Amino acid sequence: MERREQEGVPIRYADRGEGTALVLLHGFMGSADYWERVVPLLDGHFRCIVPDLLGHGQSEAPPGPYTIEQMADGVLQLLDALEIKQAVVLGHSMGGYTALSFAERYPERLLAFGLVHSTPLPDDAAGKEKRTAVAERFAQEGVRPFVEQSAPNWFAPENARRMTAEVDRVIGIGTAMRPEGAAGAALAMRERPDRGDVIRSFELPVLLIAGSEDGIAPPEKAFAAENAWTTRRVIEGAGHMSLFEAPQELARQIASFVERL
(Lines give C-alpha, C1' and ligand atoms only; values in the text may rest on other atoms or scores of the structure.)
Protein backbone atom coordinates (compact mmCIF):
# COMPACT_ATOMS: atom_id res chain seq x y z
CA MET A 1 0.00 0.00 0.00
CA GLU A 2 1.06 3.57 -0.69
CA ARG A 3 0.09 6.86 0.91
CA ARG A 4 -0.42 10.20 -0.81
CA GLU A 5 -1.26 13.67 0.47
CA GLN A 6 -4.66 14.92 -0.69
CA GLU A 7 -5.08 18.58 0.25
CA GLY A 8 -3.24 17.83 3.47
CA VAL A 9 -5.15 14.60 4.17
CA PRO A 10 -3.09 11.45 3.56
CA ILE A 11 -4.92 8.50 2.05
CA ARG A 12 -3.76 4.92 1.61
CA TYR A 13 -4.27 3.13 -1.67
CA ALA A 14 -3.08 0.17 -3.73
CA ASP A 15 -2.03 0.57 -7.37
CA ARG A 16 -1.48 -2.81 -9.03
CA GLY A 17 -1.40 -4.13 -12.55
CA GLU A 18 -1.51 -2.52 -15.97
CA GLY A 19 -4.14 -1.76 -18.57
CA THR A 20 -7.56 -0.16 -18.21
CA ALA A 21 -7.73 1.71 -14.90
CA LEU A 22 -10.24 0.07 -12.56
CA VAL A 23 -11.01 1.96 -9.34
CA LEU A 24 -12.52 -0.26 -6.62
CA LEU A 25 -14.22 1.52 -3.71
CA HIS A 26 -15.05 -0.25 -0.45
CA GLY A 27 -18.17 -0.02 1.69
CA PHE A 28 -18.95 1.39 5.12
CA MET A 29 -16.69 0.16 7.94
CA GLY A 30 -14.35 -1.30 5.31
CA SER A 31 -11.07 -0.37 3.69
CA ALA A 32 -9.07 -1.22 0.59
CA ASP A 33 -8.62 -4.60 2.27
CA TYR A 34 -12.24 -5.44 1.45
CA TRP A 35 -10.99 -6.11 -2.09
CA GLU A 36 -8.01 -8.26 -1.05
CA ARG A 37 -9.48 -11.48 -2.50
CA VAL A 38 -10.71 -9.85 -5.70
CA VAL A 39 -7.74 -7.72 -6.80
CA PRO A 40 -5.38 -10.70 -7.35
CA LEU A 41 -7.96 -12.06 -9.80
CA LEU A 42 -8.06 -8.78 -11.74
CA ASP A 43 -4.63 -7.15 -11.59
CA GLY A 44 -3.23 -9.43 -14.28
CA HIS A 45 -5.63 -7.80 -16.73
CA PHE A 46 -6.33 -4.29 -15.42
CA ARG A 47 -4.70 -1.52 -13.41
CA CYS A 48 -6.48 -1.76 -10.07
CA ILE A 49 -6.60 1.41 -7.95
CA VAL A 50 -7.99 0.63 -4.49
CA PRO A 51 -8.11 3.47 -1.93
CA ASP A 52 -9.12 3.77 1.69
CA LEU A 53 -11.96 6.29 1.58
CA LEU A 54 -12.20 9.26 3.94
CA GLY A 55 -12.44 8.14 7.56
CA HIS A 56 -11.68 4.50 6.77
CA GLY A 57 -8.69 2.20 6.92
CA GLN A 58 -5.42 4.06 7.27
CA SER A 59 -6.69 7.25 5.65
CA GLU A 60 -7.21 10.24 7.89
CA ALA A 61 -10.40 10.60 9.93
CA PRO A 62 -10.87 14.32 10.58
CA PRO A 63 -13.87 15.48 12.59
CA GLY A 64 -17.13 14.93 10.70
CA PRO A 65 -19.77 14.81 9.51
CA TYR A 66 -18.50 13.98 6.03
CA THR A 67 -20.30 14.01 2.71
CA ILE A 68 -20.38 11.45 -0.08
CA GLU A 69 -19.23 14.28 -2.34
CA GLN A 70 -16.05 14.64 -0.28
CA MET A 71 -15.33 10.96 -0.79
CA ALA A 72 -15.89 11.28 -4.55
CA ASP A 73 -13.62 14.32 -4.65
CA GLY A 74 -10.93 12.27 -2.94
CA VAL A 75 -11.19 9.71 -5.75
CA LEU A 76 -10.86 12.50 -8.33
CA GLN A 77 -7.79 13.90 -6.59
CA LEU A 78 -6.18 10.47 -6.52
CA LEU A 79 -6.81 9.96 -10.26
CA ASP A 80 -5.32 13.39 -10.94
CA ALA A 81 -2.27 12.59 -8.83
CA LEU A 82 -1.79 9.29 -10.67
CA GLU A 83 -2.35 11.06 -14.02
CA ILE A 84 -5.24 8.78 -14.95
CA LYS A 85 -7.54 10.60 -17.36
CA GLN A 86 -10.35 8.04 -17.44
CA ALA A 87 -11.23 4.97 -15.42
CA VAL A 88 -13.93 2.46 -14.62
CA VAL A 89 -15.15 3.21 -11.08
CA LEU A 90 -16.93 0.43 -9.18
CA GLY A 91 -18.19 0.87 -5.64
CA HIS A 92 -19.33 -1.61 -3.02
CA SER A 93 -22.24 -0.40 -0.84
CA MET A 94 -21.15 3.07 0.42
CA GLY A 95 -18.50 2.97 -2.31
CA GLY A 96 -21.39 2.71 -4.78
CA TYR A 97 -22.86 5.93 -3.38
CA THR A 98 -19.43 7.47 -3.95
CA ALA A 99 -19.26 6.15 -7.52
CA LEU A 100 -22.68 7.68 -8.21
CA SER A 101 -21.57 11.07 -6.92
CA PHE A 102 -18.44 10.83 -9.05
CA ALA A 103 -20.49 9.93 -12.14
CA GLU A 104 -22.89 12.80 -11.53
CA ARG A 105 -20.17 15.45 -11.30
CA TYR A 106 -17.22 14.08 -13.28
CA PRO A 107 -18.69 11.96 -16.11
CA GLU A 108 -15.88 12.96 -18.47
CA ARG A 109 -13.43 11.02 -16.25
CA LEU A 110 -15.30 7.75 -16.66
CA LEU A 111 -15.21 4.89 -19.12
CA ALA A 112 -18.04 3.28 -17.15
CA PHE A 113 -19.12 2.87 -13.54
CA GLY A 114 -20.91 0.34 -11.42
CA LEU A 115 -22.53 -0.53 -8.12
CA VAL A 116 -21.75 -3.71 -6.18
CA HIS A 117 -24.37 -4.47 -3.51
CA SER A 118 -25.44 -0.83 -3.56
CA THR A 119 -28.39 1.30 -4.66
CA PRO A 120 -29.10 4.73 -6.14
CA LEU A 121 -31.97 5.16 -3.66
CA PRO A 122 -31.64 7.45 -0.62
CA ASP A 123 -32.35 6.48 2.96
CA ASP A 124 -36.00 6.75 3.96
CA ALA A 125 -36.98 8.51 7.21
CA ALA A 126 -36.43 5.38 9.30
CA GLY A 127 -33.08 4.79 7.64
CA LYS A 128 -31.96 8.33 8.42
CA GLU A 129 -32.89 7.85 12.07
CA LYS A 130 -30.83 4.67 12.17
CA ARG A 131 -27.79 6.47 10.70
CA THR A 132 -28.05 9.14 13.39
CA ALA A 133 -28.38 6.51 16.13
CA VAL A 134 -25.38 4.59 14.76
CA ALA A 135 -23.23 7.74 14.72
CA GLU A 136 -24.20 8.45 18.32
CA ARG A 137 -23.43 4.87 19.25
CA PHE A 138 -19.92 5.18 17.83
CA ALA A 139 -19.31 8.26 19.98
CA GLN A 140 -20.48 6.44 23.10
CA GLU A 141 -19.21 2.88 22.59
CA GLY A 142 -16.55 3.00 19.89
CA VAL A 143 -16.86 0.79 16.82
CA ARG A 144 -16.37 -2.76 18.11
CA PRO A 145 -19.88 -3.50 19.45
CA PHE A 146 -21.51 -2.34 16.20
CA VAL A 147 -19.14 -4.26 13.94
CA GLU A 148 -19.28 -7.50 15.93
CA GLN A 149 -23.08 -7.36 15.98
CA SER A 150 -23.53 -6.29 12.35
CA ALA A 151 -20.87 -8.11 10.32
CA PRO A 152 -22.51 -11.57 10.37
CA ASN A 153 -25.69 -9.96 9.00
CA TRP A 154 -23.77 -8.67 5.99
CA PHE A 155 -23.31 -12.27 4.84
CA ALA A 156 -26.01 -14.64 3.60
CA PRO A 157 -27.21 -16.64 6.64
CA GLU A 158 -25.66 -19.92 5.48
CA ASN A 159 -22.39 -18.18 4.62
CA ALA A 160 -22.28 -16.45 8.01
CA ARG A 161 -22.47 -19.89 9.66
CA ARG A 162 -19.79 -21.58 7.57
CA MET A 163 -17.46 -18.70 6.60
CA THR A 164 -16.27 -17.90 10.10
CA ALA A 165 -12.79 -16.86 8.94
CA GLU A 166 -14.26 -14.44 6.41
CA VAL A 167 -16.65 -12.96 8.97
CA ASP A 168 -13.76 -12.55 11.41
CA ARG A 169 -11.72 -10.80 8.73
CA VAL A 170 -14.53 -8.31 8.09
CA ILE A 171 -14.82 -7.71 11.83
CA GLY A 172 -11.07 -7.13 12.04
CA ILE A 173 -11.15 -4.57 9.25
CA GLY A 174 -14.13 -2.76 10.77
CA THR A 175 -12.85 -2.65 14.34
CA ALA A 176 -9.66 -0.96 13.15
CA MET A 177 -11.70 2.14 12.27
CA ARG A 178 -11.65 5.24 14.43
CA PRO A 179 -15.04 6.24 15.90
CA GLU A 180 -14.90 9.72 14.38
CA GLY A 181 -14.38 8.28 10.90
CA ALA A 182 -17.23 5.79 11.32
CA ALA A 183 -19.60 8.45 12.63
CA GLY A 184 -18.65 10.91 9.90
CA ALA A 185 -19.31 8.31 7.20
CA ALA A 186 -22.64 7.24 8.71
CA LEU A 187 -23.84 10.83 8.59
CA ALA A 188 -22.59 11.19 5.02
CA MET A 189 -24.75 8.24 3.96
CA ARG A 190 -27.74 9.71 5.82
CA GLU A 191 -27.63 12.85 3.68
CA ARG A 192 -27.14 11.31 0.25
CA PRO A 193 -29.83 12.16 -2.32
CA ASP A 194 -31.72 9.95 -4.75
CA ARG A 195 -29.33 9.42 -7.68
CA GLY A 196 -31.46 7.19 -9.86
CA ASP A 197 -31.38 9.84 -12.58
CA VAL A 198 -27.58 9.65 -12.65
CA ILE A 199 -27.87 6.08 -13.92
CA ARG A 200 -30.84 6.74 -16.19
CA SER A 201 -29.13 9.69 -17.92
CA PHE A 202 -25.61 8.22 -18.05
CA GLU A 203 -24.51 7.68 -21.66
CA LEU A 204 -21.95 4.95 -21.01
CA PRO A 205 -22.17 1.38 -19.67
CA VAL A 206 -23.25 0.78 -16.07
CA LEU A 207 -22.70 -2.45 -14.11
CA LEU A 208 -25.12 -3.40 -11.33
CA ILE A 209 -24.30 -6.43 -9.18
CA ALA A 210 -26.60 -7.78 -6.47
CA GLY A 211 -26.53 -10.75 -4.13
CA SER A 212 -29.55 -13.04 -4.18
CA GLU A 213 -29.47 -13.18 -0.36
CA ASP A 214 -28.55 -9.54 0.29
CA GLY A 215 -30.80 -8.15 3.03
CA ILE A 216 -29.26 -4.68 2.84
CA ALA A 217 -29.32 -3.93 -0.90
CA PRO A 218 -31.53 -6.68 -2.37
CA PRO A 219 -31.91 -6.91 -6.16
CA GLU A 220 -35.00 -4.71 -6.23
CA LYS A 221 -33.01 -1.88 -4.65
CA ALA A 222 -29.79 -2.62 -6.54
CA PHE A 223 -31.66 -2.52 -9.86
CA ALA A 224 -33.85 0.48 -9.03
CA ALA A 225 -32.56 2.43 -12.05
CA GLU A 226 -30.85 1.54 -15.31
CA ASN A 227 -29.92 3.00 -18.68
CA ALA A 228 -29.74 1.57 -22.18
CA TRP A 229 -26.27 0.11 -21.54
CA THR A 230 -26.82 -1.40 -18.10
CA THR A 231 -25.53 -4.87 -17.26
CA ARG A 232 -27.42 -6.47 -14.35
CA ARG A 233 -25.98 -9.50 -12.58
CA VAL A 234 -27.12 -11.47 -9.53
CA ILE A 235 -24.58 -13.55 -7.60
CA GLU A 236 -26.55 -16.52 -6.34
CA GLY A 237 -26.13 -17.42 -2.69
CA ALA A 238 -24.30 -14.19 -1.80
CA GLY A 239 -25.39 -11.65 0.75
CA HIS A 240 -23.95 -8.13 0.93
CA MET A 241 -20.33 -9.31 0.90
CA SER A 242 -19.61 -11.20 -2.32
CA LEU A 243 -16.10 -9.73 -2.03
CA PHE A 244 -15.62 -12.41 0.64
CA GLU A 245 -18.49 -14.81 -0.08
CA ALA A 246 -17.87 -15.30 -3.82
CA PRO A 247 -14.73 -13.36 -4.87
CA GLN A 248 -14.07 -15.47 -7.96
CA GLU A 249 -17.58 -14.96 -9.32
CA LEU A 250 -17.46 -11.25 -8.51
CA ALA A 251 -14.10 -10.89 -10.27
CA ARG A 252 -15.45 -12.83 -13.26
CA GLN A 253 -18.41 -10.51 -13.60
CA ILE A 254 -16.25 -7.40 -13.28
CA ALA A 255 -13.69 -8.66 -15.80
CA SER A 256 -16.40 -9.61 -18.29
CA PHE A 257 -17.92 -6.14 -18.03
CA VAL A 258 -14.66 -4.21 -18.38
CA GLU A 259 -13.39 -6.37 -21.23
CA ARG A 260 -16.49 -5.51 -23.26
CA LEU A 261 -15.90 -1.76 -23.03
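In the predicted model, strand 3 (residues 21–25) and strand 4 (residues 47–51) pair in the parallel sense, and three bridges join them. Within this pairing, Leu22 has Cys48 of strand 4 as its bridge partner. Strand 3 also pairs with strand 5 (residues 87–92), again in the parallel sense and over four bridges, and here the bridge partner of Val23 is Val89 of strand 5.

The surroundings of strand 3 were then considered residue by residue. The strand is mostly covered, since five of its five residues are buried. In a regular strand, side chains alternate between the two faces of the sheet. For strand 3, Ala21, Val23 and Leu25 lie on one side, whereas Leu22 and Leu24 lie on the other, and with every one of these residues buried, both faces of the strand are covered.

A further strand residue, Ile11, belongs to strand 2 (residues 9–16). Ile11 has a relative accessible area of 10%, and it therefore counts as buried, the cut-off being under 20%. Although Ile11 and Pro51 are 40 residues apart in sequence, their C-alpha atoms are 7.2 Å apart in space.

Among the helices, helix 2 (residues 68–81) packs with helix 3 (residues 94–105) at an angle of about 70°, and the axes of the two helices are 8 Å apart. Angles from 65 to 115 degrees count as roughly perpendicular, so helix 2 is described as roughly perpendicular to helix 3. On the side of helix 2, the contact is made by Ile68, Glu69, Met71, Ala72, Asp73, Val75, Leu76 and Leu79, while helix 3 contributes Met94, Tyr97, Thr98, Ser101, Phe102 and Arg105. When the residues of this contact between helix 2 and helix 3 are sorted by class, nine are nonpolar, two are polar and three are charged.

Outside the helices and strands, Asn227 is placed in the loop between helix 10 (219–222) and strand 8 (230–235). With a relative accessible area of 8%, Asn227 falls under the 20% cut-off and so is buried. The side chain of Asn227 reaches the backbone oxygen of Leu204 at 3.0 Å, and it also makes a polar contact, at 2.7 Å, with the side chain of Thr230. If neighbours within four places in sequence are left aside, the residues in contact with Asn227 are Ile199, Arg200, Phe202, Leu204 and Val206. Leu204 thus appears both in this set of contacts and as the residue whose backbone oxygen is reached by the Asn227 side chain.

How values were computed
Residues numbered from 1 in each chain as written. Predicted model: local features only at pLDDT ≥ 70, side-chain atom pairs only at ≥ 80, totals over all residues. Heavy atoms only, no water. Buried < 20%, exposed > 50% of the residue type's maximum accessible area, 1.4 Å probe, protein only. Polar contact = N/O pair within 3.5 Å; in protein donor to acceptor, adjacent residues only side chain to side chain. Contact = heavy atoms within 4.5 Å. Axes fitted to C-alpha atoms, helices over the stretch in contact; angles between N-to-C directions. Parallel < 35°, antiparallel > 145°, perpendicular 65-115°, else oblique. Nonpolar A, V, L, I, M, F, W, Y, C, P; charged D, E, K, R; others polar. Pairing = 2+ DSSP bridges.
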